[in-house]
Amino acid sequence: MNFIISQNPQEQYPPQPGQYPPQGQYPPQQGQYPPQGQYPPQQGQYPPQGQYPPQGFYPPQQGQYPPNHCDQQPPTFSFGFGQQPPQGQYPPPPFGQAPPLFQPQQQGISQPNPHYGRNLPIMVKQSQKVGIDTHQYSTHFDQLENSYALKNEFHTPEVDKITVFYTQNIVVGLECHYKALGKESVATVANKGHCQGYVQSQTIALEFGEHFTEISGRAGDSIDRLLIKTSRGKTLEVGGQGGQPFQNLLPWGHPNIVSIGGSTREYLDSLYVLHK
């Protein structure tokens, strides 16, 4: 029996080894590149142009995930208090930090000390106020006004001992011991900021016939430095060199301090004196 081999390539089945298959009839042999757009490439081969991934989007540009025009959505990340990163960014922005509990530069939010400028007992005078008492989260105080024992004493109490809490750079708070006519002790009242650093203290006390003659120092956003002197030459000076100097809060002569007021946050932020 004789076989007739047609000379038409489309009638040869299968094609002879090494020949390229006619377009559209049979998948290419292993290792051959498929006709464009007709048959999926063999494993390990790069897909023909125009198929996935889209031309120009592979690999993705740096910082993009997934590439543009891709239906897949980026993963969800949590970074700091439930916020989500902007869509399409990968990786997300750096992890956010908690807001500080103490914000020393924010001013003008709280009202000034409500006790400053109030009606005072007869013969009691009020000094100027130094520092700033309108910081956010300021805690205002007036020891005479805030203490039940001092406010209700028949004779106006007087300060005979002051303890100053401080660090190397700033004043943190004050503690005053009060006595009244015929009494050695009426109350001890402290107003101290919540500073967590290394806080020290010094005390200056009056003896019989002795008076405070000077309370001066330096102040800016807070009370940076305090200088306290007595009529017998005793001196207490603590704190740093920040802020601007302020003059003596006490008048000339021999005044008696009947109260100390001001405000605190982390430090002693403002200060004034009531005297007679």
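This briefing covers the confidence, strand pairing, cores and backbone outliers of a predicted protein model. The protein contains two helices and 13 strands, and 37% of its 276 residues are buried. Its pLDDT averages 77, with 61% of the residues scoring at least 70. Of the contacts between residues at least 6 apart in sequence, 56% join residues at least 24 apart.

**Confidence**

- Among the elements, strand β9 (residues 223–230) has the highest mean pLDDT, 98. Helix α2 (residues 148–151) has the lowest, 90.
- Residues 1–6 stay under a pLDDT of 50, and the model gives them two contacts beyond four places in sequence.
- The pLDDT is also below 50 over residues 102–108, a stretch with 17 contacts in the model beyond near neighbours in sequence.
- Where pLDDT is low, the predicted coordinates should not be read in detail.

**The four-stranded sheet**

- Four strands form an open sheet in the order β6-β5-β4-β7, and the pairing is antiparallel.
- The edges of this sheet are β6 and β7 (200–205). Each edge strand has a single partner, so one side of each lacks a neighbour in the sheet.
- From one strand to the next, the twist averages 20°.
- β4 and β5 run antiparallel and are joined by eight bridges. They form a hairpin with four residues between them, and Y166 stands opposite V171 in β5.
- On the other side of β5, the antiparallel pairing with β6 spans seven bridges. E175 has A190 in β6 as its bridge partner.
- β5 and β6 also make a hairpin, here with two residues between the strands. The turn contains G182, whose phi is positive at about 85°.
- β4 pairs with β7 over six bridges, again in the antiparallel sense. The bridge partner of V164 in β7 is Q202.
- In β5, eight of the ten residues are buried, so the strand is largely enclosed by the rest of the structure.
- In a regular strand the side chains alternate between the two faces of the sheet.

**Nonpolar cores**

- The largest nonpolar core has 37 residues. The residues with the most contacts inside this core are I162, V164, I215, L226, I257, I260 and L271.
- Strands that each supply at least two residues of the largest core include β4 (158–166), β5 (171–180) and β6 (183–192). The others listed with them are β8 (212–219), β9, β10 (235–239), β12 (257–264) and β13 (268–275).
- Leaving aside neighbours within four places in sequence, I162 is in contact with L174, E175, C176, Q202, T203, I204, F212, I228, I257 and I260. Two of these partners, I257 and I260, are themselves among the residues with the most contacts inside the core.
- A second core, separate from the largest one, has five residues. Among them are F165, V172, C195 and Y267.
- In soluble globular proteins, nonpolar side chains tend to be buried together.

**Cysteines**

- The structure holds zero disulfides.
- C176, one of the contacts of I162, is buried with a relative accessible area of 0%.
- C195, which belongs to the second core, has a relative accessible area of 14% and therefore also counts as buried, given the limit of under 20%.

**Positive phi outside glycine**

- Most residues other than glycine have a negative phi.
- M123 has a positive phi, near 80°. M123 is located in the segment before β1 (125–126). With a relative accessible area of 63%, M123 is exposed.
- Y137 likewise has a positive phi, near 70°. Y137 sits in the loop between β2 (130–131) and β3 (139–142). With a relative accessible area of 51%, Y137 is exposed, because the term applies over 50%.

Key
Residues are numbered from 1 along each chain as its sequence is written. Side-chain values use heavy atoms; hydrogens and water are left out. pLDDT is the predictor's confidence in each residue, from 0 to 100. Contact means heavy atoms within 4.5 Å. A nonpolar core is a set of buried Ala, Val, Leu, Ile, Met, Phe, Trp, Tyr and Cys residues joined through side-chain atoms within 4.5 Å. Buried means under 20% relative accessible area, exposed over 50%, partly exposed in between (1.4 Å probe, protein chains only). Two strands pair if DSSP finds at least two bridges between them. Axes are lines fitted to C-alpha atoms, for helices over the stretch in contact, and angles run from 0 to 180 degrees between N-to-C directions. A disulfide is a pair of cysteine sulfur atoms within 2.5 Å.
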